[in-house]
Amino acid sequence: MTERVGARGLLRRVLDGGRRTSWDVPPRTGPDPGSPYGRDLAAARERSGCDEAVHTGEGRLRGRRVAFVVSEFRFLAGSIGLATADRIVAAVERATAERLPLLAAPSSGGTRMQEGTAAFVQMARITAAVAAHRAAGLPYLVYLRHPTTGGVFASWGSLGHVTAAEPGALIGFLGPRVYEGLRGEPFPPGVQVAENLAAKGLLDAVVGVDDLAEVAARALDVLCGAPPSAPPAAAPPVPLVPAAVPETAAWESIERSRRPGRPGVRDLLRHGAADVTPLSGTGEGEADRGIVLALARFGAAPCVLVGQDRAGQRAGNPLGPAGLRVARRGMRLAAGLGLPLVTVVDTPGAALSAEAEEGGLAGEIARCLADLISLPAPTLCLLLGEGAGGAALALLPADRVLVARHGWLAPLPPEGASLIVHRTPARADELAAAQGVRSADLLRDGFADVLVDERPDAADEPEAFCRRAAAAVGRALAGLAPGTAASRQARYRSGP
């Protein structure tokens with residue numbers, strides 16, 4: 001059975017040494033102590049040992065100063081009244097003023113019914129304070145505890161840059177008891193459960209309380225752009241462009257890029273990155289296993305990474321509109337926190353299906369392009385392998401573009417292009433050679449800046465190649481300044 005802890009128990013186990021400094025002030029004057037609501041408040045104070053349904057303050061998380069807002073469910077089911085809202089808003093505004101990352105850990109049934117509409121509208125006020133904190137470029141982490149429902153989930157519980165939940169926690173907008181009372185039947189089982197919401201792309205992770213500190217600290221190490229706690233041992237310099245790269249035919253590179261053993265974005269993260277925090281889905285109810293979204297560090301450089309997972313796509317998860325919406329979440333995250341964005345292009349092409357068309361695939365490619373070209377953060381693209389069609393183009397325009405030796409970029413898979421031009425896929429190799437798809441062509445034409453070597457093929461040296469590519473990303477990110485839409489467009493103004 002999953003262990004449930006109250007607010008003070010959570011803080012003792014998450015903050016360094018369990019130490020904290022409270023920011024709470026006594027609640028404003030309440031109702032008549034003799035009234036039914038007054039008696040409810042008195043009983044809640046006696047039962048919980050708290051004066052309100054939320055604790056606020058600051059502490060240290062793996063040495064980093066953080067602010068917190070943590071619900072106490074034993075106080076009237078963690079419900080939000082005017083005094084509760086006052087306390088939350090004051091804490092969020094203080095965290096913003098002092099430029100502190102904020103950890104929110106709600107556990108609440110929502111609005112305090114005894115206070116009615118006056119309490120209900122406080123959710124807008126709390127949301128405004130959180131939005132201002134995010135607009136200041138400060139991290140906001142959310143840990144949803146059992147249960148989190150109603151207006152709390154629909155306001156400050158759903159605004160995290162990173163959102164995790166307790167295992168097995170009940171998370172939902174409509175409380176199951178209310179649903180059953182109004183509809184006369186139970187809510188469908190298994191829906192409002194943390195694990196299901198994570199699978200649907202609404203949560204980034206399901207995390208036990210004893211793992212929360214490590215997960216949150218790792219995310220903050222990237223989100224706050226701090227140097228790594230223990231710098232990695234210095235590696236010997238690796239030349240990005242070898243002295244002499246053997247000429248490789250376009251079709252040979254294409255075939256090599258399709259080898260089953262070729263490393264992909266997940267291997268790049270595993271062997272070449274540090275402080276990796278995987279994120280899941282759009283945060284809006286969509287997920288796509290053909291794309292990876294993560295916080296990570298390459299060398300000393302923190303970043304948001306959006307990468308196409310070729311292995312996942314070839315295993316039955318072609319990149320569709322939802323995957324591009326996941327990518328756009330990564331772009332928003334990078335822009336909001338001023339972090340560099342790293343995109344990894346490695347795709348055999350977008351999904352070819354009625355569902356993809358009806359889901360707005362073309363529009364999502366266009367919106368990815370528009371967002372990436374205008375992103376107010378440094379951008380770097382690594383063309384890792386296959387670069388087929390609009391799905392590849394959607395993540396390409398960046399301030400700096402790195403390309404693996406056998407990476408390639410083409411308007412369609414060569415077989416499809418051959419069908420259009422020659423009405424047969426049999427001349428794909430001939431057409432690929434004519435189209436200028438190779439890494440050498442991309443570098444010559446100014447569409448890429450740096451070559452990452454393969455010796456002779458990434459599939460033959462997967463770990464070494466991933467470390468080499470990661471080192472190249474880290475060096476390219478060092479000192480990389482955000483470009484402009486004009487500067488990003490400039491490389492495409494003159495073709496071969």
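In the predicted model, helix H3 (residues 82-97) packs against helix H5 (residues 122-135) with the two axes 9 Å apart and at an angle of about 10°. Because angles under 35 degrees count as roughly parallel, H3 is described as roughly parallel to H5. On the H3 side the contact is formed by Leu82, Ala85, Asp86, Ile88, Val89, Val92, Glu93, Ala95 and Thr96, and on the H5 side by Gln122, Arg125, Ile126, Ala129, Val130, Ala132 and His133. Sorted by class, the residues of this contact comprise ten nonpolar, three polar and three charged.

A second helix pair is formed by H10 (residues 250-257) and H18 (residues 428-435), whose axes lie 8 Å apart and meet at an angle of about 110°. Since an angle of 65 to 115 degrees counts as roughly perpendicular, H10 is roughly perpendicular to H18. Helix H10 contributes Ala250, Trp251 and Ile254 to the contact, while H18 contributes Ala428, Asp429, Ala432 and Ala433. The contact of H10 with H18 contains six nonpolar residues and one charged residue, with no polar residues.

The chain as a whole contains 21 helices and 16 strands. Its radius of gyration is 25 Å, close to the 23 Å given by the globule rule for 496 residues, so the chain is as compact as a globular protein of that length. The C-alpha trace spans about 90 × 55 × 45 Å along its principal axes. Of the 496 residues, 52% count as buried. Among contacts between residues at least 6 apart in sequence, 74% join residues that are at least 24 apart.

Individual positions were then examined. Serine 107 is located in the loop between strand E4 (102-105) and helix H4 (116-120). Its relative accessibility is 2%, and because buried means under 20%, serine 107 counts as buried. A polar atom of the serine 107 side chain lies 3.1 Å from the backbone oxygen of histidine 146. A polar atom of that side chain also lies 3.5 Å from the backbone oxygen of proline 147. When neighbours within four places in sequence are left aside, serine 107 is in contact with Ser71, Phe73, Ala77, Gly78, Arg145, His146, Pro147 and Thr148.

Glutamate 166 is likewise a loop residue, placed between strand E7 (162-165) and strand E8 (171-172). With a relative accessible area of 3%, glutamate 166 is buried. The side chain of glutamate 166 is joined to the side chain of arginine 4 by a polar contact of 3.0 Å. Not counting residues up to four places away in sequence, glutamate 166 touches Glu3, Arg4, Tyr143, Leu144, Arg145, His146, Ala194, Val206 and Val207. Arg145 and His146 thus appear among the contacts of serine 107 and also among those of glutamate 166.

Valine 178 belongs to helix H7 (residues 176-183). The relative accessible area of valine 178 is 44%, and because this value falls between the limits of 20% for buried and 50% for exposed, the residue is partly exposed. Valine 178 and histidine 271 are separated by 93 residues in sequence and by 49 Å in space, C-alpha to C-alpha.

How values were computed:
Residues are numbered from 1 along each chain as its sequence is written. This is a predicted model: local features need pLDDT of at least 70, side-chain atom pairs count only at pLDDT 80 or more; totals for chains, interfaces and linings use all residues. Side-chain values use heavy atoms; hydrogens and water are left out. Helices (H or I, at least four residues) and strands (E, at least two) are DSSP runs, numbered from the N terminus. Buried means under 20% relative accessible area, exposed over 50%, partly exposed in between (1.4 Å probe, protein chains only). A polar contact is a pair of N or O atoms within 3.5 Å; within protein, one must be able to donate a hydrogen and the other to accept it, and residues adjacent in sequence count only if both atoms are side-chain atoms. Contact means heavy atoms within 4.5 Å. Axes are lines fitted to C-alpha atoms, for helices over the stretch in contact, and angles run from 0 to 180 degrees between N-to-C directions. Angles under 35 degrees count as roughly parallel, over 145 as roughly antiparallel, 65 to 115 as roughly perpendicular and the rest as oblique. Ala, Val, Leu, Ile, Met, Phe, Trp, Tyr, Cys and Pro count as nonpolar, Asp, Glu, Lys and Arg as charged, and the others, Gly among them, as polar. The radius of gyration is taken over C-alpha atoms; the globule rule is 2.2 Å times the number of residues to the power 0.38.
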